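Good morning, colleagues. Please take a moment with the chain on the screen before I walk through its strand pairing and its overall make-up.

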Amino acid sequence: GGLGGSHAAIPAWQESWFESAAVTSSMGVTDGQKPQESSSIGHLRSILQRVVRVTNPQGRIITGELLCMDKQGNLVLGKAQEEVPKAEPRQMGMVLVPLHQQKNVELQVALGEKLEHLSLQ
């Protein structure tokens, strides 16, 4: 379900990292109330403004604040910095990282968060 059938285009690494971040098109409005937010959207909201590190297929690493993810899986990062092997980091500001340029995406977490997550499993 979700994304009007384009859900299959999201690679497995992104699926697991975002815990099924595909946004469903129907959010279930009932009797004029606010639409219910799916758990995927709630999870995505919880990691907005957090630091992520995106590795592209060429080995370049872009680190920045996750500002937005669209239905196609493209990411918008703010305060981005690019790291190229054997070169100085380059400040980039706000960047769009297309889905096809996302080989790996990692969320930066504090040690306390990591320990809390481990204790829940």
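Threonine 55 has isoleucine 61, a residue of β2, standing opposite. The two strands concerned are β1, residues 51-55, and β2, residues 61-69, and they pair in the antiparallel sense over five bridges. I should say at once that this is a predicted model.

Between β1 and β2 lies a hairpin with five residues between the strands. Which residue there takes a positive phi? Glycine 59 does, with a value near 95°.

Let us follow β2 to its other partner. Strand β3, residues 75-83, runs antiparallel to β2, and seven bridges join the two. One pair to locate on the display is glutamate 65 with glycine 78, the latter being its bridge partner in β3. β2 and β3 also form a hairpin, again with five residues between the strands. In that turn, glycine 73 has a positive phi of about 95°.

I turn now to the chain as a whole. How many helices and strands does it contain? The protein chain has three helices and five strands. Their order along the sequence is α-α-β-β-β-β-β-α.

Some totals complete the description. The protein chain has 121 residues, and 29% of them count as buried. Its accessible surface comes to about 7,900 Å², and carbon and sulfur atoms account for 54% of that area. As for contacts in the protein chain with a separation of 6 or more, 39% are between residues 24 or more positions apart.

Thank you; I welcome your questions.

Conventions. Residues are numbered from 1 along each chain as its sequence is written. This is a predicted model: local features need pLDDT of at least 70, side-chain atom pairs count only at pLDDT 80 or more; totals for chains, interfaces and linings use all residues. Side-chain values use heavy atoms; hydrogens and water are left out. Helices (H or I, at least four residues) and strands (E, at least two) are DSSP runs, numbered from the N terminus. Buried means under 20% relative accessible area, exposed over 50%, partly exposed in between (1.4 Å probe, protein chains only). Contact means heavy atoms within 4.5 Å. Accessible areas come from the Shrake-Rupley method with a 1.4 Å probe; for residues, only the protein chains shown count as cover. Two strands pair if DSSP finds at least two bridges between them.
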